[in-house]
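Student: Hi! Could you walk me through this structure before I get lost in it?
Tutor: Sure, here it comes.

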2 protein chains.
Amino acid sequence: MGLAAALLLLAPANGFGQTAAEVLTQAPAAAWRGLDLEQTLIMELADGREVVIELAPAFAPRTIANIQTLTREGYFNGLSINRVQDNYVVQWGDPDGADQALRRSLGEAREAISPQEYWRPRRGLAFTPLPDGDVYAPEAGFSGGFPAARNRREAWLAHCYGMVGVGRDTPPDSGSGAQLYVVIGHSPRHLDRNITLVGRAVFGIEALAALPRGTGPLGFYQTPEERTTIASVRLASEAPDSIAQRLEVLRTDAPTFTAFVEARRNRRDAWFFEPAGRIDVCNAQPPVRLRPNP
Amino acid sequence: MGLAAALLLLAPANGFGQTAAEVLTQAPAAAWRGLDLEQTLIMELADGREVVIELAPAFAPRTIANIQTLTREGYFNGLSINRVQDNYVVQWGDPDGADQALRRSLGEAREAISPQEYWRPRRGLAFTPLPDGDVYAPEAGFSGGFPAARNRREAWLAHCYGMVGVGRDTPPDSGSGAQLYVVIGHSPRHLDRNITLVGRAVFGIEALAALPRGTGPLGFYQTPEERTTIASVRLASEAPDSIAQRLEVLRTDAPTFTAFVEARRNRRDAWFFEPAGRIDVCNAQPPVRLRPNP
């Protein structure tokens with residue numbers, strides 16, 4: 001088999017499969033939305049690469065307010081990526097966070113959010129269900145662009161690739177947001193309802209996912225030299241130079257998304273012998289694009 | 001929240017969770033098995049790091065025989081990693097494979113395997129089913145240590161993190177095994193039954209998963225300089241110096257595996273508010289260890 005053939009044949013799992021691409025090409029402008037710049041974090045690494053994280057205040061409003069406070073204070077500037085565990089998570093924050101003498105002050109931010117925000121009431125939340133069931137929850141789908149699940153009473157974000165959460169201590173401490181992680185492997189859905197998810201990396205996750213794995217327990221780096229420095233974390237509203245200004249996410253509450261999901265469930269290009277006819281929530285995340293020129 | 005606390009609290013998804021660790025610590029020696037060295041590939045990268053791939057001849061015997069022929073011929077020696085697509089696959093082989101003039105000869109190996117080996121008869125295959133269902137198949141579980149699924153007639157390997165497959169052209173061409181890929185993201189289960197899976201990376205996948213992502217279409221590197229050279233691929237039976245000689249995989253057909261899965265379904269350490277009570281096949285892959293000293 002040739003390499004050119006391979007180019008055609010292994011359709012990507014995270015965006016633009018052939019017939020899904022047709023759906024996206026034909027989508028009206030209204031099928032896409034920009035980011036809410038107040039609800040978007042820009043993490044800039046020491047080499048200048050950006051990771052853009054869209055926050056989900058419908059699910060974790062108090063935790064996110066705390067992260068916004070930390071961000072406005074410049075809390076994360078100069079901190080580092082401290083943990084990279086293969087097929088699991090990348091975690092960042094203060095490497096001395098456990099040392100009361102050395103740790104950086106949280107300033108005006110709170111040490112922990114109580115009560116927890118691991119889930120919220122189902123009522124009042126817009127939700128686009130998927131048709132094929134879910135191993136971990138009675139129902140899975142999307143809400144405001146984020147992978148989510150629900151039962152008869154509650155709704156919560158789902159630990160899919162790219163989802164960002166808050167490291168925490170034992171109950172009832174639910175974490176402050178000063179230690180954050182992003183999923184970089186097969187979706188660890190057993191964490192759902194046990195920890196606060198706050199958003200999704202919508203751009204640049206490969207800058208984190210391709211970092212060398214840490215060789216200490218749970219993928220923590222064993223020496224300071226191995227850590228990648230975070231130049232800054234800013235709100236997109238205070239980062240006019242960021243690519244976040246130009247990103248658009250496919251709306252998950254519009255007909256184009258339904259067509260996109262259907263195109264992913266039943267891939268119609270000649271390569272597929274047997275379209276799956278089914279899809280799980282973490283393979284159905286909405287694509288992100290750069291806003292086209294007018 | 002402190003970093004030390006984080007150490008305790010984000011249990012790994014790919015191995016040794018707290019109570020699962022107890023299960024493994026107490027496991028009898030018979031719960032583990034060594035690798036069949038004739039059915040194991042050792043890929044050594046230019047920097048000396050090893051990736052160990054256990055082959056699954058119960059599922060793809062003819063394709064695997066062809067890969068063994070290529071390997072014995074030294075076909076892969078000096079070839080390269082040509083594609084790294086975030087949240088999808090790493091692919092390796094001849095970067096000139098599409099060029100009839102430049103491509104390396106396959107020697108005695110075949111150009112393609114026919115009929116295909118995307119699935120096999122269900123009959124005659126040992127299979128340990130999981131209890132919680134599966135989005136993509138009527139039943140999911142493990143066979144011989146490999147994640148798999150089945151319906152009433154057929155069984156097939158499942159595209160979980162770490163599974164290795166054969167790039168192919170359009171049907172009915174099923175590929176030779178000269179172009180191989182490994183899954184490095186959320187499991188692209190829609191590829192199941194559409195392409196030949198041949199095994200699982202049981203050691204060293206982080207050497208591939210942490211490679212820089214390619215910036216060309218589908219993650220192909222755009223320049224030869226970006227490619228990582230493969231020093232050699234050998235059968236473990238011809239690599240007495242390899243770590244493969246010392247690896248053991250938890251048997252998936254023994255009581256310890258059932259206990260391991262149960263410990264992963266219902267995590268009992270204090271950190272978890274709400275154990276999931278459920279697990280999907282790609283979160284239940286059997287752990288691998290170094291053989292303990294006698």
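Tutor: We can start with the two chains and then go on to the strands, the helices and a few local details.

Student: Is this predicted or experimental?
Tutor: This is a predicted model.

Student: OK, how does chain B lie on chain A?
Tutor: Chain B can be laid on chain A by a turn of 180° and a shift of 0.0 Å along the axis, with an RMSD of 0.0 Å. That is the relation of a two-fold axis. The same surface serves both copies, as 99% of the contact residues of chain B recur in chain A.

Student: How many residues does the contact take from each chain?
Tutor: Chain B gives 74 residues to the contact and chain A gives 73 residues. The area buried between the two chains is about 6700 Å², and carbon and sulfur atoms give 62% of that area.

Student: And the polar side of it? How many salt bridges are there between chain B and chain A?
Tutor: The count between the two chains is two salt bridges. Glu274(A) forms a salt bridge with Arg193(B), and their closest N and O atoms are 2.8 Å apart. There are also 25 residue pairs in polar contact between chain B and chain A, with both residues at pLDDT 80 or more.

Student: Which elements of chain B give two or more residues to the side that touches chain A?
Tutor: Those are α1 (3-9) and α4 (206-209) of chain B. Of the elements, α1(B) gives the most to that side, with seven residues.

Student: Switching to the fold. What do the eight strands of chain B close into?
Tutor: They close into a barrel, in the order β2-β3-β13-β11-β12-β5-β4-β14, and the pairing is antiparallel. From one strand to the next, the twist averages 35°.

Student: Can you zoom in on one pair?
Tutor: Take β2 (residues 40-45) and β3 (residues 50-55) of chain B, which pair in the antiparallel sense over five bridges. If you want a spot to click on, Leu41(B) has Ile53(B) in β3(B) as its bridge partner.

Student: Which helix lies across β2 and β3 there?
Tutor: That is helix α3 (residues 61-72) of chain B, which lies across β2, β3, β11 (163-166), β12 (180-183), β13 (196-203) and β14 (228-235) of chain B. Helix α3 runs at about 110° to β14(B).

Student: Now chain A. What's the order of the open sheet?
Tutor: The open sheet of five strands in chain A has the order β6-β10-β9-β8-β7, with antiparallel pairing. In chain A, β6 and β7 (128-129) stand at the edges with a single partner strand each, so one side of each is left without a neighbour in the sheet.

Student: And inside that sheet, how many bridges join β8 to β9?
Tutor: Five bridges join β8 (residues 139-143) to β9 (residues 146-150) of chain A, and the two strands run antiparallel. Gly141(A) stands opposite Ala148(A) in β9(A).

Student: Back to charges for a second. How many salt bridges are there over all chains?
Tutor: A search of the whole structure finds 42 salt bridges. One to look at is between the side chains of Arg265(A) and Glu262(A), at 2.8 Å from N to O. These two are three residues apart in helix α5 (residues 255-265) of chain A, which means they are separated by about one helical turn.

Student: Any backbone oddities?
Tutor: As background, most residues other than glycine have a negative phi, and most peptide bonds are trans. Here the peptide bond from Ser114(A) to Pro115(A) is cis, with omega near -5°. Pro115(A) sits in the loop between β5 (89-93) and β6 (120-121) of chain A. In chain B, the bond from Ser114(B) to Pro115(B) is also cis, with omega near -5°.

Student: And phi?
Tutor: Look at Leu218(A), where phi is near 60°, a positive value in a residue other than glycine. Leu218(A) is in the loop between α4 (206-209) and β14 (228-235) of chain A.

Key. Residues numbered from 1 in each chain as written. Chains lettered and ligands numbered in written order. Predicted model: local features only at pLDDT ≥ 70, side-chain atom pairs only at ≥ 80, totals over all residues. Heavy atoms only, no water. Least-squares fit on C-alpha atoms with pLDDT ≥ 70 in both. Contact = heavy atoms within 4.5 Å. Pairing = 2+ DSSP bridges. Helix = DSSP H or I, 4+ residues; strand = E, 2+ residues; numbered from the N terminus. Axes fitted to C-alpha atoms, helices over the stretch in contact; angles between N-to-C directions. Buried area = accessible area lost by both parts, 1.4 Å probe. Salt bridge = Lys/Arg side-chain N within 4 Å of Asp/Glu carboxyl O. Polar contact = N/O pair within 3.5 Å; in protein donor to acceptor, adjacent residues only side chain to side chain.
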